[in-house]
Amino acid sequence: MKKICLLLAFILFLSLLLISCGGNTEENKNITPKEAQDINANNEIVLDEETEPVTEKLLPNVPDDKDFDGYEFMILGNSTAYNTYWYSKDLYVEDENGDAINDAVYYRNRAIEEKYNIKINAKLSGSQYNDAKKSINSGDGTYDVFSVPLQGATAMLAQDGSLLDLKKVPYIDLDKPWWDQRANEQLSIGHKLMFTISDLLIIDKDALFIFLFNKDVIQEQGLEDPYKLVRDGKWTIDKMWDMAKDMPKDVNGDGKMDDLDAYRMLTAAHTIHGNVVGSGHFVITKDADDMPVLNITDPMIQASYEKWLNMMLDRNSTWVAQDWDSRHTDIWMYQLEVLSEKRGLWLYAGMDRVTTLRTFDFNFGILPNPKFDENQTDYYNHVHAWCTTAISIPVTSDPERTGMILEALTAESYYTLRPAYYDVSLKTKFMRDDESGEMLDLIFKTRCYDLGHVYNWGGLFDMFCNLPQQKNNDFVSGFEKIMPKIERDMEKAIENFLENE
């Protein structure tokens, strides 16, 4: 009864927020279909056609009568010591404060606490891997669930045998819509899934990289409607670059291009991998046995990387954050200022910037990563593995208890945290036009994960990021130098996965 009251109270809270924000979003569908994915012969991701959505509420297949006698269910997450932007806001809050996301986390946790007589808590850490390993090595069972960085702590824990295969955990039903089907498909190795993404989290949604643009510049320069370009399948790298050809200007008149001037594109060196994945080709693909295969010599990977790299190396046209980091206390906030002041047309950044842009007084829009060319069938949008966390379960956890609580908690998030984040916050409070909501639906449908980014074998991801900072355009020599180490690291990782059966 208490759970029903909590849920009704939260539904009323969300409804009032939607009304106060204008309610300009589409009706929320209760069940999103599973979007199965595959790799075709050209190593391009193919999205299957959607089935019709189901409108009835789907419940998790978990017991309703378990009493865990006040057990403290502990989750390990990110603190601000890890990063002031990429910390865990989705695991635990002390109380309500009127913010949709905060209160969704609060109501979600309270509902499951009442259901199972538990106390949900989180330890937020800046040294997640060390804390996780200390607990596992001691066997103390401190943590039931990990929500730690996908690239780094999670990948390391998966490779050293510290995590349970989620496919074998009781009560976890990975086919349910509160589990990210793209992540399930793309993050498995050897048909084992040691970690994945779910609606328990919002950090993965914030870490979905997108193109933001200044709508005032589009209007003042009489440029093509970028939304129409996306709909028509004509939003490509070349179109994006050409539209901004008149943007570069020496605004302060000092005879050189610096952080005070105007540019075509605003970006960062560590995001280029996501741009390349936008071609629909992954750096690491998988074979018929679901084992990783190095795909860096794929001609499309090379062509896409070289195109993006050449744009980034044109520092008279592209504003790269790392170039100016030492001149600003918060380079990411300053980057938004540059966009708002019409000194940039395009900004490639995480979805989390949409929240920050609410405090800026200018018209912005949202677009997917552009296609390589018009021959490309779909758009692809990359979740940055360093920024996001994932869901995993340590080997020291009680599988039955953890599986039951985690499935219930994740299902509850589907009806509380998910709409609070997506429908109330993103599509209603933060958007400046209806078209951006349409773009969001497309972007979230086509989000993807690359194992090359997640595991960074042999410094593969680092190489992608270093060349723009080194102003080096020799991509082929770059990966040839580290190829032996990539192959050794991959071989070792595969051995570890096979040993931990």
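At what angle do helix H19 and helix H20 pack, and how far apart are their axes? In this predicted model, helix H19 (residues 460-470) and helix H20 (residues 475-499) pack at an angle of about 160 degrees, and their axes are 10 Å apart. Two packed helices are described by the angle between their axes and the distance between the axes. The points below treat this helix pair and then a sheet of three strands.

**The helix pair H19 and H20**

- Angles over 145 degrees count as roughly antiparallel, and H19 and H20 are therefore roughly antiparallel to each other.
- The crossing of the helices H19 and H20 is right-handed.
- On the H19 side, the contact involves Leu 460, Met 463, Phe 464 and Leu 467; on the H20 side, these residues meet Phe 475, Gly 478, Phe 479, Ile 482 and Ile 486.
- Of the residues in the contact of H19 with H20, eight are nonpolar, one is polar and none is charged.

**The sheet of E4, E3 and E5**

- Three strands form an open sheet with parallel pairing, in the order E4-E3-E5.
- Strand E4 (118-125) and strand E5 (145-146) stand at the edges, each with a single partner strand, so one side of each has no neighbour in the sheet.
- Strand E3 (residues 71-78) pairs with E4 in the parallel sense over eight bridges.
- Phe 73 has Ile 120 in E4 as its bridge partner.

**The helix across the sheet**

- Helix H3 (residues 128-138) lies across E3, E4 and E5.
- The direction of H3 is at about 145 degrees to E3.

Technical notes
Residues numbered from 1 in each chain as written. Predicted model: local features only at pLDDT ≥ 70, side-chain atom pairs only at ≥ 80, totals over all residues. Heavy atoms only, no water. Axes fitted to C-alpha atoms, helices over the stretch in contact; angles between N-to-C directions. Helix = DSSP H or I, 4+ residues; strand = E, 2+ residues; numbered from the N terminus. Parallel < 35°, antiparallel > 145°, perpendicular 65-115°, else oblique. Left-handed = near helix turned anticlockwise from the far one by under 90°. Contact = heavy atoms within 4.5 Å. Nonpolar A, V, L, I, M, F, W, Y, C, P; charged D, E, K, R; others polar. Pairing = 2+ DSSP bridges.
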